Amino acid sequence: MIERSDTLLAEALLAESEPQISKHDWWRGAIFYQIYLRSFRDSDGDGVGDLRGVIEKLDYLQDLGIDGIWLSPFYLSPQQDFGYDVSDMRAIDPLFGTLEDLLELIEGAHQRDLRVLGDFIPCHTSEEHRWFQESRSSRDGDKADWYVWADAAPGGTAPNNWLSSFGGTAWTWEPRRSQYYYHPFLACQPALNLRNEDTLQAVIDAMAYWRDIGIDGFRLDAVQGLCWDKALRSNPARLGNHDDIALGGGPNNPFASQDHLFDRDVPDSMVVIERLRKELTKDHPEFALIGELTDIDTSRLAVKYTGGNNRLHAVYDFDLIHKGQSIQRWIETLRVRTSFIKSGWMMNVMTNHDSERAVSNLTSFAQGAKERSDAAKLLLFLQATLKGGGFVFQGEELGLPQPHLDKDDLQDPWGINLYPDFAGRDGVRTPFPWSSKSKNGGFTEAEKPWLPVPRDHLDLAADRQVEDPSSVLSFFKDLQAWRRRNPFLRHGTEVIHSADTVPVIAFDRRALDGSKSLTFVANFSREVRFFPCRGSLVSFPHSSATMDCKGVHLPPLAFAALTVSRAPDDTQCAANTS
């Protein structure tokens, strides 16, 4: 029987209605802190962050109250896509340090009760990888079939119409084989043929190598692209707004003009995922595999990738990032996620190294330093209380806004390719501001860091916020401490209220055993809002909400946690206030 994507989705939806929680599920509902190595802390003065820079800041990370860290790629790479073009999956790039540095980092993190996720790229390599050098040299070598090769179409053009998400065709001609090779991203990132048993086993062995030296799990890059249509059928044109797929790369990225039926989310990807899960966790049940899922209707399809206990443990996506400009659409998206996820698991992400800073992207209506600070707290509140846990990108705990960079400062090939329609990802990747008065914000002693330190980020530097009890950083620490005191949030169920509450987002969280239930409300507006209910406020850090017998009064950009008993009773309300 030939599997179809919709069949696999139906099977996942018809399986268990709730996740099977195991004692090994330390990752479930966790809050991870994403470290973009190049921009976190430079220990050796070359202008680029490194592993020893993370070691220097382990105490800072512990004080945040997070559960673990995610390290961006540290493998050997020509750095054309800043580490996501790997030339050796088992070697550390000297730019970031040594194996001894990584081992010291892992040990130091574990001593502080922090788990460590690596960032693994299973779908492609750098063109400089020895596998690709051998594969491109001949159609007859041992690795001839380790990548995705295809003959030209009649007339010499590319085999089909597939596009790179970074702009332009997804095919590049290789004269030594007289064939095209496929690359869903940059031309320097040829796609691996994971249908080939030797290729897949080599990738699994590389992942197991890092597992065995102490990595606690992996964030897996772009799992929607693990396989492709074997018949190389062209994608159909995308017809208007008939789907609910949000794509990056700017409003005019040609990639968004196609329905990616044959180059993303193909059924054979599940075979690869099941193999990864089996090989990497059969003797290591605590090892976690968390996938990045994008380019498809992720809120509905995540269950296919994570349902049951034989695929990925969890995924995160970009739906909250791309759909948050409309609170009504955001609520509708949250309701879809809750109803479709079933036995799967999704983690919440408001920004990462591939998007804009959350406070600028999702709350652009906030004006002035005070409102931006309140908006940053509001977003962190939502991320910490929704079901799933999440990834917090470095600097979000400071409430950093998206900076403007001059074109001459751009490094990101995606942004350079699509500028000015899309400015790329450099803005979110600027160096972390440790000190407001130090050179380069305390990030590096180099004369020039790899990206400039934005001037307006210095006013929000960590050293300025750490002693301020009203700062975003202080709130983040208080928020994580509150969350730890309410452990039912890690696993508990979730019900999202209807979009009738706009611009207030409201949802209920309930312990699996029914022992505790809380309602959370968040006001995504610059006006005072009222949420009708009956109950009582729960003490929550930095919350300015008040409550009377009719409901909760939410100041602009405010939030609250409450216990709800039943609908308001106007008669009793009048009696209580007489």
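## Empty space inside the model

About 140 Å³ of space lies in the largest cavity. Keep in mind that this is a predicted model. Rolling a probe the size of a water molecule over the atoms shows where empty space is left. In this structure, 5 cavities of 30 Å³ or more turn up.

So what surrounds the largest cavity? Its lining takes in Leu334, Arg337, Thr338 and Ile341, then Gly344, Trp345, Met346 and Asn348, and also Leu386, Lys387, Gly388 and Glu494. Sorted by class, that makes 5 nonpolar, 4 polar and 3 charged residues. Two elements, helix 11 (327–340) and strand 12 (346–349), put at least two residues each into this wall. Helix 11 has the largest share, at 3 residues.

Next comes the second largest cavity, with about 110 Å³ of space. It has 14 lining residues, and those closest to its centre are Ala358, Ala376, Leu379, Leu380 and Glu396. The class count here is 10 nonpolar, 3 polar and 1 charged. Helix 12 (358–361), helix 13 (368–385) and strand 13 (390–393) are the elements that each give at least two residues to the lining.

Which helix gives the most to the lining of the second largest cavity? That would be helix 13, with 4 residues. Helix 13 is also mostly covered, as 14 of its 18 residues are buried. Its length checks out too: at 1.5 Å a residue, the 18 residues should span 26 Å, and the end C-alpha atoms are indeed 26 Å apart, so the two values agree.

Then there is the open space. The largest pocket has a volume of about 1,000 Å³. A total of 50 residues line it, and Gly248, Gly249, His322, Trp414 and Phe422 sit closest to its centre. As for the make-up of that lining, 19 residues are nonpolar, 19 are polar and 12 are charged.

Here are the three linings by class:

| Space | Nonpolar | Polar | Charged |
|---|---|---|---|
| Largest pocket | 19 residues | 19 residues | 12 residues |
| Largest cavity | 5 residues | 4 residues | 3 residues |
| Second largest cavity | 10 residues | 3 residues | 1 residue |

If you want to look for these spots in the structure, His322 and Trp414 are among the residues closest to the centre of the largest pocket. For the largest cavity, try Trp345 and Glu494, both part of its lining. For the second largest cavity, Ala376 and Leu379 are among the residues closest to the centre.

How values were computed:
Residues are numbered from 1 along each chain as its sequence is written. This is a predicted model: local features need pLDDT of at least 70, side-chain atom pairs count only at pLDDT 80 or more; totals for chains, interfaces and linings use all residues. Side-chain values use heavy atoms; hydrogens and water are left out. On a 1 Å grid over the protein atoms alone, a cavity is a set of points where a 1.4 Å probe fits but cannot get out, and a pocket is an open set with protein on both sides within 12 Å along at least five of seven lines; lining residues have an atom within 4 Å of a point. Grid points are joined across faces, edges and corners, and a volume is the space filled by probe spheres set on the points. Ala, Val, Leu, Ile, Met, Phe, Trp, Tyr, Cys and Pro count as nonpolar, Asp, Glu, Lys and Arg as charged, and the others, Gly among them, as polar. The expected span of a helix is 1.5 Å times one less than its number of residues. Buried means under 20% relative accessible area, exposed over 50%, partly exposed in between (1.4 Å probe, protein chains only).
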